[in-house]
Amino acid sequence: AKGDPEALKLKERSTQAIAGLIADLKMLTDCQLVVIGGSVGLAHGYISSVSAHLSQYPEVYYVPVAPAVYRHNSGMLGATMLAETRIK
């Protein structure tokens, strides 16, 4: 966020890699939406950068990317919900 050149380069490489992984997932699973959470994934501009890289792929690889609804708590809530279904 402060414009550190090394951090910006790392963010760029990261969003490029995530876009490639999303394209692969689209081909393997035909997913209709990808949700990103976590402190890095929810950082300002991260999802839009992933989407920008993903838009450079052919249209068949495109899938919408959205922030996790429960933001930073999404992983914890998902694990809790899974545990509840397994305990019952």
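How much area does the chain expose, and what share of it do carbon and sulfur atoms supply? In the predicted model examined here, the chain exposes about 6500 Å², of which 62% is supplied by carbon and sulfur atoms. Of the 88 residues that make up the chain, 24% count as buried, and the C-alpha atoms, when taken along the principal axes, fill a box of roughly 50 × 35 × 15 Å.

The secondary structure comes to 4 helices and 2 strands, and these elements, followed from the N terminus on, run in the order α-β-α-α-β-α. When contacts in the chain are restricted to those between residues at least 6 apart in sequence, 74% of them join residues at least 24 apart.

The interior was examined through the largest nonpolar core, which holds 13 residues. Within this core, the residues that touch the most other members are Ile22, Val34, Ile36, Val50, Leu54, Val63 and Val65. Two or more residues are given to the core by each of the elements α1 (5–29), β1 (34–36) and α3 (46–54), and the largest share, 4 residues, comes from α3. Ile22 illustrates how these parts of the chain meet: once its neighbours within four places in sequence are left aside, Ile22 is in contact with Val34, Val50, Leu54, Val63 and Val65.

Aromatic rings were considered next. A pair of such rings is described by the distance of the centres and the angle of the planes. The structure holds 1 aromatic pair, formed by Tyr57 and Tyr61, for which the computed separation is 5.9 Å centre to centre and the angle between the planes is 55 degrees. The pair is classed as tilted because its angle is neither under 30 degrees nor over 60. Both partners are partly exposed, with a relative accessible area of 33% for Tyr57 and of 26% for Tyr61.

At the surface, a nonpolar patch of about 570 Å² is made by Val69, Tyr70, Met76, Leu77 and Met81. Among these residues, Met81 has its place in helix α4, which comprises residues 74–87. Met81 has a relative accessible area of 56%, and this residue is therefore classed as exposed, since the cut-off for that class is over 50%.

Conventions: Residues numbered from 1 in each chain as written. Predicted model: local features only at pLDDT ≥ 70, side-chain atom pairs only at ≥ 80, totals over all residues. Heavy atoms only, no water. Patch = residues over 30% accessible without salt bridge, like charges linked within 9 Å, V, L, I, M, F, W, Y side chains within 5 Å. Areas by Shrake-Rupley, 256 points an atom, 1.4 Å probe, with all protein chains shown as cover. Salt bridge = Lys/Arg side-chain N within 4 Å of Asp/Glu carboxyl O. Buried < 20%, exposed > 50% of the residue type's maximum accessible area, 1.4 Å probe, protein only. Core = buried A, V, L, I, M, F, W, Y, C linked by side-chain atoms within 4.5 Å. Contact = heavy atoms within 4.5 Å. Phe/Tyr/Trp six-rings, centres within 6.5 Å; stacked < 30°, edge-to-face > 60°.
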